[in-house]
Amino acid sequence: MTDPAPQSDILDLGAPGLSAWLKARGIAPYRTAQILRWICLRQMDRFEDMTDLGKDLREELAQNFTIPRLDVLERAESSDGSEKFLFGLADGQSVEAVLMPERDHHTLCVSSQIGCAMGCAFCRTGAEGLSRNLTAGEMVAQVRDVLAMLQGPDRLTNLVFMGMGEPLANYENLRTALSLILDAHQGLSFAGRRVTVSTAGLASKIVGLGQDTRVNLAISLNAVDDETRSAIMPVNRIHPIRDLLAACDAFPLRPGRRITFEYVLLAGVNDSLAEARELARMLSPRRAKINLIPFNPHDRAPYERPDEAAVLAFQQVLLKANFTAVIRQSKGADIAAACGQLRAARQGVSE
Ligand code: SAH
Ligand code: SF4
């Protein structure tokens with residue numbers, strides 16, 4: 001392995017990469033856990049403060065690595081209690097995360113890319129195209145930095161990779177980030193059952209996610225026939241519904257867990273009762289729960305949000321078929337926190 005460039009983000013290496021870096025210098029691998037525990041568990045920002053490491057090692061680490069914090073460009077609270085962060089990155093780009101309070105814990109919505117290449121027709125992030133992948137360190141930092149900002153009884157226990165970007169299109173970095181986020185010994189110690197990765201349907205990556213990590217899977221299904229789905233989600237032309245469901249069936253689903261299927265409701269496009277019945281039929285053999293998300297309007301998509309009666313009627317069909325079907329409002333709509341809209345607003349693009 002070649003050395004990382006001078007002053008790279010230490011979290012980009014992950015635990016195995018850091019162990020290899022240490023080993024190449026003749027340093028015992030158990031130092032990896034010591035270093036990562038300072039950073040992840042104790043929120044330490046400087047190598048020189050890592051008092052159980054020798055002075056030489058501290059200096060060598062400081063010469064080679066940084067422990068970056070993200071710049072908080074904006075932090076705003078919404079009337080629904082959610083809080084959005086716009087984080088500035090080292091190269092001047094910015095990325096969003098949204099903190100959502102629930103009854104006894106908080107959930108953080110994490111971004112995996114700047115922009116997104118998948119081009120879903122209803123999505124504000126998709127309208128921008130892809131700027132770049134986030135590094136593993138930038139994904140971990142969203143979580144680590146928000147943990148550091150939380151005070152008092154606010155507990156951040158749940159994560160959803162449902163912010164900007166398609167996590168499975170940035171798989172290697174996602175995997176490195178998740179391994180640090182989930183590691184109870186030397187990482188951020190999140191429980192796998194409290195972390196969810198949402199995908200638009202990169203079917204070929206789904207089984208690997210389940211083999212490599214213990215996280216939950218969410219699928220943005222959004223339509224029940226290939227014609228409609230391909231029209232709103234171009235990825236469906238490569239991975240049609242049948243392949244996507246086959247990948248879900250092959251996902252190593254742990255006992256007591258279910259796959260979440262998300263369904264953005266677009267008036268007149270995918271919100272008929274016939275489609276609700278078809279959704280129930282399609283998912284009935286599966287351990288599934290359904291999140292219904294009424295479309296959050298913005299100026300880059302020609303769709304409308306169905307009225308409340310239509311949303312409730314759609315939900316009713318699913319409830320009658322014995323599904324857990326929850327209506328999820330896009331959190332923080334009044335602070336433009338829904339999926340890519342905050343960053344767009346900041347860039348001066350009208351919403
Ligand atoms: N790329 C991943 C994760 C980020 S998108 C994915 O597509 O699953 C997170 C969720 O937001 C997806 O379920 C997507 O369908 C939904 N979404 C995107 N734009 C939306 C909008 N304008 N209104 C409501 N939901 C939207
Ligand atoms: Fe990308 Fe997800 Fe938006 Fe589709 S819905 S464009 S996959 S972020």
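Helices are DSSP runs of H or I spanning at least four residues, numbered from the N terminus. In this predicted model, helix α2 covers residues 31–41, and Q43, just after α2, takes a positive phi of about 55°. Nine of the 11 residues of α2 are buried, so the helix is largely enclosed by the rest of the structure. The buried set consists of R31, T32, A33, Q34, I35, L36, W38, I39 and C40. These residues pack against four helices, namely α1 (14–24), α3 (55–64), α5 (136–149) and α6 (171–182).

Q43 also takes part in the surroundings of R69, since a polar contact of 2.9 Å joins the side chains of R69 and Q43. R69 is found in the loop between β2 (65–66) and β3 (71–77). With a relative accessible area of 30%, R69 is partly exposed. Beyond four places in sequence, R69 touches Q43, D45, R144, D145 and A148. The C-alpha atoms of R69 and F87, which are 18 residues apart along the chain, are separated by 9.5 Å.

The side chain of R69 also makes a polar contact of 3.0 Å with the side chain of D45, and the two side chains meet in a salt bridge (3.0 Å, N to O). This pair links distant parts of the chain: D45 lies in the loop between α2 and α3, R69 in the loop between β2 and β3, and the two are 24 residues apart. D45 is partly exposed, at a relative accessible area of 34%. D45 and R69 belong, together with R144 and D145, to a network of salt bridges.

The count of salt bridges comes to 17. Another of them joins the side chains of R75 and E83, at 2.5 Å from N to O. R75 counts as partly exposed at 44% relative accessibility; E83, at 15%, counts as buried because the cut-off for burial is under 20%. In helix α6, E172 and R175 lie three residues apart, about one turn of the helix. An α-helix has 3.6 residues a turn, so residues three or four places apart point the same way. The side chains of E172 and R175 meet in a salt bridge of 3.2 Å, N to O. Both ends of this bridge are partly exposed, E172 at 47% relative accessible area and R175 at 34%.

Q113 is found in strand β7 (residues 113–115) and is buried, with a relative accessible area of 2%. The side chain of Q113 makes a polar contact of 2.8 Å with the side chain of N133. A polar atom of the Q113 side chain also lies 2.9 Å from the backbone nitrogen of E166. Outside its neighbours within four places in sequence, Q113 is in contact with ten residues, V95, L130, R132, N133, L134, M164, G165, E166, A169 and N170.

G165 is also among the residues that come nearest to ligand 1, with S198, S220, E262 and N296, out of 20 around the ligand. By class, this shell has nine nonpolar, nine polar and two charged residues. Strands β10 (195–199) and β12 (259–265) each supply at least two residues of the shell. An oxygen atom of ligand 1 is 2.6 Å from an N or O atom in the side chain of S220. For E262, a side-chain N or O atom is 3.0 Å from an oxygen atom of the ligand. A nitrogen atom of ligand 1 lies 2.9 Å from a backbone N or O atom of N296. Taken alone, ligand 1 exposes 530 Å², of which the protein buries 93%.

Definitions and conventions:
Residues are numbered from 1 along each chain as its sequence is written. Chains are lettered from A and ligands numbered from 1 in the order in which they are written. This is a predicted model: local features need pLDDT of at least 70, side-chain atom pairs count only at pLDDT 80 or more; totals for chains, interfaces and linings use all residues. Side-chain values use heavy atoms; hydrogens and water are left out. A residue is near a molecule or strand if one of its heavy atoms lies within 4 Å of it. A polar contact is a pair of N or O atoms within 3.5 Å; within protein, one must be able to donate a hydrogen and the other to accept it, and residues adjacent in sequence count only if both atoms are side-chain atoms. Accessible areas come from the Shrake-Rupley method with a 1.4 Å probe; for residues, only the protein chains shown count as cover. Ala, Val, Leu, Ile, Met, Phe, Trp, Tyr, Cys and Pro count as nonpolar, Asp, Glu, Lys and Arg as charged, and the others, Gly among them, as polar. Buried means under 20% relative accessible area, exposed over 50%, partly exposed in between (1.4 Å probe, protein chains only). Contact means heavy atoms within 4.5 Å. A salt bridge is a side-chain nitrogen of Lys or Arg within 4 Å of a carboxyl oxygen of Asp or Glu.
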